[in-house]
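Reader: I would love a close look at one small part of this model, followed outward to whatever surrounds it. Could you take me through it step by step?

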Amino acid sequence: MTHHTRHCCEAMTNRVNVRCDEHDDPFACPDALVDFSAKFQEYGLIIHDGGGSSITIEFCPWCGRRLPESQRDRWFDELERRGVDPWEEEVPAEFQDGRWLASGGHVGQGA
């Protein structure tokens with residue numbers, strides 16, 4: 001299931017959604033510049049050094065708008081609240097993308 005995110009502008013949307021016929025992994029594709037983590041709501045500039053690193057950005061390089069605040073800390077807090085250790089245990093499916101945010105972090109809790 002793909003969870004579509006509205007980005008700040010058309011240029012950002014195009015950069016996040018770059019698809020390449022030669023590379024399945026955006027970190028391997030020189031045309032891919034921006035990584036978007038739906039589960040953390042983070043944008044990053046891809047570092048093309050053969051790994052999977054990016055530099056988190058707070059403003060859109062094209063339109064200048066402030067990007068959403070990272071939900072990384074909240075993601076870890078919510079998993080801890082549920083007793084899930086993301087380093088040792090399988091992370092629930094709704095926490096592998098942005099679905100957990102849609103219900104205020106209470107997905108599957110009988111809300």
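With which side chain does the side chain of Glu42 make a polar contact, and at what distance?

Author: Happy to. The partner is Ser70: its side chain and that of Glu42 make a polar contact at 2.6 Å. A polar contact here is a pair of N or O atoms within 3.5 Å; within protein, one must be able to donate a hydrogen and the other to accept it, and residues adjacent in sequence count only if both atoms are side-chain atoms.

A word on the ground rules before we go on. This is a predicted model, where local features need pLDDT of at least 70 and side-chain atom pairs count only at pLDDT 80 or more, while totals for chains, interfaces and linings use all residues. Residues are numbered from 1 along each chain as its sequence is written, and side-chain values use heavy atoms, with hydrogens and water left out.

How far does the predictor trust the model? The pLDDT, its confidence in each residue from 0 to 100, has a mean of 89 for the protein chain, with 88% of the residues at 70 or more. Your residue is well placed in this respect: Glu42 lies in strand β2, and β2 (residues 42-46) has the highest confidence, 97, whereas helix α3 (residues 99-102) has the lowest, a mean of 90. Residues 107-111 fall below 50, and that stretch has seven contacts in the model beyond near neighbours in sequence. Helices (H or I, at least four residues) and strands (E, at least two) are DSSP runs, numbered from the N terminus; a contact means heavy atoms within 4.5 Å.

Back to Glu42 itself. Glu42 counts as buried because its relative accessible area is 11%; buried means under 20%, exposed over 50%, and partly exposed in between, with a 1.4 Å probe and protein chains only. Leaving aside residues up to four places away in sequence, Glu42 touches Asp35, Phe36, Ser37, Thr56, Ser70 and Arg72. One step back along the chain is Gln41, in the loop between β1 (34-37) and β2. Gln41 has a phi near 55°, a positive value in a residue other than glycine, and is buried too, at 17% relative accessible area.

Phe36, one of the residues that Glu42 touches, leads us to the aromatic rings. Rings of Phe, Tyr and Trp (its six-membered ring) pair if their centres lie within 6.5 Å; planes under 30 degrees apart count as stacked, over 60 as edge-to-face and the rest as tilted. By this rule there are six aromatic pairs. Phe36 pairs with Tyr43, with centres 4.6 Å apart and planes at 45°, so this pair is tilted. Both partners are buried, Phe36 at 16% and Tyr43 at 3%. Trp75 and Phe76 make an edge-to-face pair, 4.8 Å from centre to centre with 85° between the planes. Here Trp75 is buried at 4%, whereas Phe76 is partly exposed at 25%. Ring pairs also join Phe40, Trp75, Phe76 and Trp87 into a cluster.

Arg72, another residue touched by Glu42, brings us to helix α2 (residues 72-81), where the buried residues are Trp75, Glu78 and Leu79. Seen down the axis of α2, these fall within an arc of 100°, so they line one face of the helix; the arc is that of the directions from the helix axis to the C-beta atoms. The buried residues of α2 pack against α3, while the face turned away carries the exposed residues Asp73 and Glu80. Just after α2, Gly83 takes a positive phi of about 80°.

Glu78, from that buried face, also has a charged partner: it forms a salt bridge with Arg82, the closest N and O atoms being 3.6 Å apart. A salt bridge is a side-chain nitrogen of Lys or Arg within 4 Å of a carboxyl oxygen of Asp or Glu, and the whole structure holds six of them. Glu78 is buried at 9%, and Arg82 is partly exposed at 22%; together with Arg81 and Glu94 they form a network of salt bridges. Elsewhere, Asp97 and Arg99 meet in a salt bridge at 3.0 Å, N to O. In that pair Asp97 is buried at 14% and Arg99 partly exposed at 26%. Arg66 bridges to Glu58, with 3.7 Å between the closest N and O atoms, and Arg66 is exposed at 57%.

Note on methods: pLDDT = per-residue confidence, 0-100.
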